[in-house]
Amino acid sequence: NLTQAHQIATSTFAPNPEEPRNVTIVGEVTRPGSYVVIGGNTTDAPFRTGGLPSLTQAIQLAGGIKPMADIRQIQLRRFTKAGEEYLILINLWQLLQQGDFTQDPILQDGDTIIVPTTTQVSPAEATELATATFAPETIQVSVVGEVIEPGLVEVPPNTPLNQGLLAAGGFDPKRARKHSVELIRLNPDGTVSQRTIPIDFAQGINEQSNPRLQNNDIIVVNRSGIVQVTDRISTILEPINPFVGVLRVFQVLGILE
């Protein structure tokens with residue numbers, strides 16, 4: 001009974017909140033593994049997050065939930081002193097929607113938290129989850145190609161693609177193909193998808209032209225057609241004999257057979 005468990009865990013005869021709890025968390029979190037969860041009122045010590053050593057604190061230590069986490073079916077596996085195993089079902093969506101604090105149980109030493117994978121997350125639900133305390137603070141997205149500052153950028157969860165481009169400085173005005181980009185994504189099942197996204201900075205968030213970004217997404221900004229031609233010409237003109245280079249340019253452009 002989660003209500004009774006919470007009452008006992010906050011009673012005067014319960015363990016001190018600052019007593020370390022060694023727990024394991026697996027599944028749809030950023031960094032699965034073993035963690036030491038410590039409550040209390042300080043945040044200066046390693047792994048000390050303040051408040052009570054609860055399930056959401058452990059998820060925070062593990063880097064937050066992934067986009068495909070099923071927060072309605074989280075499992076808390078716990079052993080009693082007698083060695084008997086109990087499996088407690090946790091519904092964090094009920095915590096978010098109804099304020100049911102019993103869905104954030106206080107952990108005991110040796111607990112295992114299992115965050116399963118969901119089959120589908122609606123856009124509205126994904127937006128709300130991104131602002132929860134147990135969501136990651138940032139995600140990493142690679143923006144490569146013809147942008148002002150290519151490389152790895154950190155953005156808030158559910159940042160739309162347009163804002164991801166702007167975080168990298170936006171299109172290179174002289175070189176970029178501005179009407180579309182390529183979005184490469186590692187899917188939860190291990191496959192990789194790639195699709196062309198038309199770009200319109202006036203668009204709001206939508207799956208067709210301004211989708212929400214996920215951790216480890218790659219945005220590829222290609223060269224414009226004119227830049228591709230001029231780059232090829234520059235490469236052709238590299239030989240020592242400039243006359244031979246010019247002939248090769250004419251051949252590439254179809255002027256000479």
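This briefing covers a sheet, two pockets and one loop residue. The model is predicted. Five strands make up an open sheet with mixed pairing. The largest pocket has a volume of about 1,100 Å³, and the second largest has about 780 Å³. The loop residue is N222, which sits between strand 10 and helix 6.

**The sheet**

- The strand order across the open sheet is 7-6-10-8-9.
- Strand 7 (151-155) and strand 9 (192-198) stand at the edges. Each has a single partner strand, so one side of each is left without a neighbour in the sheet.
- Neighbouring strands here are turned by 25° against each other on average, direction ignored.
- Strands of a sheet pair through backbone hydrogen bonds, either parallel or antiparallel.

**Strands 6 and 7**

- Strand 6 covers residues 139-145 and runs antiparallel to strand 7.
- Five bridges join strand 6 to strand 7.
- V141 has V153 in strand 7 as its bridge partner.

**Strand 8 and its two partners**

- Strand 8 spans residues 180-186.
- This strand is mostly covered, with five of its seven residues buried.
- On one pairing, strand 8 meets strand 9 in the antiparallel sense, through seven bridges. I184 stands opposite Q194 of strand 9.
- On another pairing, strand 8 meets strand 10, also antiparallel, over three bridges. E182 has V220 in strand 10 as its bridge partner.

**The largest pocket**

- The volume of the largest pocket is about 1,100 Å³.
- Its lining counts 38 residues. Closest to the centre are K66, P67, M68, Q214 and N215.
- Helix 4 (123-130), strand 6, strand 8 and strand 9 are the elements that give two or more residues to this lining. Three of these names, strand 6, strand 8 and strand 9, also appear in the strand order of the sheet.
- Helix 4 provides the largest share of the lining, four residues.
- By class, the lining has 17 nonpolar, 14 polar and seven charged residues.

**The second largest pocket**

- The volume of the second largest pocket is about 780 Å³.
- This pocket is lined by 30 residues. A9, R78, I106, L107 and Q108 lie nearest its centre.
- The elements giving two or more residues to the lining are helix 1 (2-9), strand 3 (74-79) and strand 4 (85-90).
- Helix 1 gives the most, with six residues.
- The lining divides into 17 nonpolar, eight polar and five charged residues.

**N222 and its surroundings**

- N222 lies in the loop that links strand 10 (218-221) and helix 6 (225-236).
- N222 has 26% relative accessibility, so it counts as partly exposed. The partly exposed class runs between 20% and 50%.
- Leaving aside residues up to four places away in sequence, N222 touches E146, R175, A176, R177 and E182. One of these contacts, E182, is the bridge partner of V220 in strand 10.
- F171 is 51 residues from N222 in sequence. In space, the two are 9.9 Å apart, C-alpha to C-alpha.

Definitions and conventions
Residues numbered from 1 in each chain as written. Predicted model: local features only at pLDDT ≥ 70, side-chain atom pairs only at ≥ 80, totals over all residues. Heavy atoms only, no water. Pairing = 2+ DSSP bridges. Axes fitted to C-alpha atoms, helices over the stretch in contact; angles between N-to-C directions. 1 Å grid on protein atoms, 1.4 Å probe; cavity = no way out; pocket = protein on both sides within 12 Å on 5 of 7 lines; lining within 4 Å. Points joined across faces, edges and corners; volume = space filled by probe spheres on them. Nonpolar A, V, L, I, M, F, W, Y, C, P; charged D, E, K, R; others polar. Buried < 20%, exposed > 50% of the residue type's maximum accessible area, 1.4 Å probe, protein only. Contact = heavy atoms within 4.5 Å.
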